[in-house]
Amino acid sequence: MELAASISSSKKLNEIYIYKDTFTDKSLAALAKYLSNPSCGLKVLSLVKCNLNDESMKAFSENLHLSSRSKLVKLIVEENFLSAKGMAYLANALNTIKSKVTSLYFYKNKLTNKSAKSLGNLLTKNPSIQVLDITDNNLTKVGTNVLRKKIENKRNFKFGIETKNSALEDILQ
């Protein structure tokens, strides 16, 4: 809670990079409320190795109500424990708003083929998204093919994936 309280007083804050910190659901909810404030100038939020799981993502997502004036463009949730359920919470939150998020990074979570449905809907409903990194998760070619179909008409889309069977990175133009 202290983090959210301290950053909410700063209107000049553009980027927050948090590494190896543990959040309570209450503090994540407060952070999401801060992001939802129209006067928030934050463009990048990075939560790496913060022990985030599906329940913490639920708390974050239920309080995330970005306005059309939101400046958040990059969300990094890497090396956590986010699975299909947590991804569904986040995708639903981002789908219910007109976000300007352009880049999503979910490197090394617990995403599976079930996650591909939520991610695919997110990509379809949010044309601003141009970068998706889901490397080092548990998706197979089945899941990545679902996502490929959702992005086949997007130009200059950067898609980083690694399936269980092979590693690859595509830049579709």
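## S36 and the end of helix 2

S36 sits in helix 2, and in this predicted model S36 has a relative accessible area of 14%. That puts S36 among the buried residues, because buried means under 20% relative accessible area. Who does S36 touch, once you leave aside its neighbours within four places in sequence? The contacts are N63, L64, H65 and L66.

## Zooming out to the chain

Let's step back for a moment. The protein chain has six helices and seven strands. If you walk along the sequence, the pattern you meet is α-β-α-β-α-β-α-β-α-β-α-β-β.

How much of the chain is buried? Out of 173 residues, 49% are buried. The chain exposes about 8,900 Å², and carbon and sulfur atoms supply 49% of that area. Now take the contacts with a separation of 6 or more: 81% of them join residues 24 or more positions apart.

## Helix 2 meets helix 3

Back to helix 2, which covers residues 25-36, and its partner helix 3, which covers residues 54-62. Two packed helices are described by the angle between their axes and the distance between the axes. Here the axes come within 7 Å and cross at roughly 35 degrees. The crossing of helix 2 past helix 3 is right-handed.

Which residues make the contact? Helix 2 brings D25, L28, A29, L31, A32 and L35, while helix 3 brings E55, S56, A59 and F60. Sort these residues by character and you get seven nonpolar, one polar and two charged. If you look for a rhythm in lists like these, remember that an α-helix has 3.6 residues a turn, so residues three or four places apart point the same way.

## A closer look at helix 3

The buried residues of helix 3 are D54, S56, M57, A59, F60 and S61. What do they pack against? Their partners are helix 2, strand 2, strand 3 and helix 4.

There is also a nice detail at the start of helix 3. A side-chain oxygen of N53 reaches to within 3.0 Å of the backbone nitrogen of E55.

## The loop before helix 3

Between strand 2 (44-48) and helix 3 there is a loop, and N51 is in it. Most residues other than glycine have a negative phi, and most peptide bonds are trans. N51 goes the other way: its phi is positive, about 60 degrees, although N51 is not a glycine. Is N51 buried, partly exposed or exposed? At 44% relative accessibility, N51 counts as partly exposed.

L52 is in the loop between strand 2 and helix 3 too, but L52 counts as buried, at 2% relative accessibility. Leaving aside neighbours within four places in sequence, L52 is in contact with F23, L28, L47, M57, V77, N80, F81 and L82. One of these, L28, also belongs to the contact of helix 2 with helix 3. L52 and T24 are 28 residues apart in sequence, yet their C-alpha atoms are 9.2 Å apart in space.

## The loop before helix 4

Next comes the loop between strand 3 (74-78) and helix 4 (84-95), where you'll find E79. E79 has a positive phi of about 55 degrees, again without being a glycine. With 25% relative accessibility, E79 counts as partly exposed.

L82 lies in the loop between strand 3 and helix 4 as well. How accessible is L82? Its relative accessible area is 0%, so L82 is buried. Not counting residues up to four places away in sequence, L82 touches L52, D54, M57, V77, M87, F106, N109, K110 and L111. The C-alpha atoms of L82 and S56 are separated by 9.1 Å, with the two residues 26 apart along the chain.

## N109, a buried asparagine

One of the residues L82 touches is N109, so let's finish there. N109 belongs to the loop between strand 4 (103-105) and helix 5 (113-125). N109 is buried, with a relative accessible area of 4%.

Which residues surround N109, apart from its neighbours within four places in sequence? N109 is in contact with V77, E78, E79, N80, F81, L82, D136 and N137. With V77 there is a polar pairing to look for: the backbone oxygen of V77 lies 2.7 Å from a polar atom of the N109 side chain.

Key: Residues numbered from 1 in each chain as written. Predicted model: local features only at pLDDT ≥ 70, side-chain atom pairs only at ≥ 80, totals over all residues. Heavy atoms only, no water. Axes fitted to C-alpha atoms, helices over the stretch in contact; angles between N-to-C directions. Helix = DSSP H or I, 4+ residues; strand = E, 2+ residues; numbered from the N terminus. Left-handed = near helix turned anticlockwise from the far one by under 90°. Contact = heavy atoms within 4.5 Å. Nonpolar A, V, L, I, M, F, W, Y, C, P; charged D, E, K, R; others polar. Buried < 20%, exposed > 50% of the residue type's maximum accessible area, 1.4 Å probe, protein only. Areas by Shrake-Rupley, 256 points an atom, 1.4 Å probe, with all protein chains shown as cover. Polar contact = N/O pair within 3.5 Å; in protein donor to acceptor, adjacent residues only side chain to side chain.
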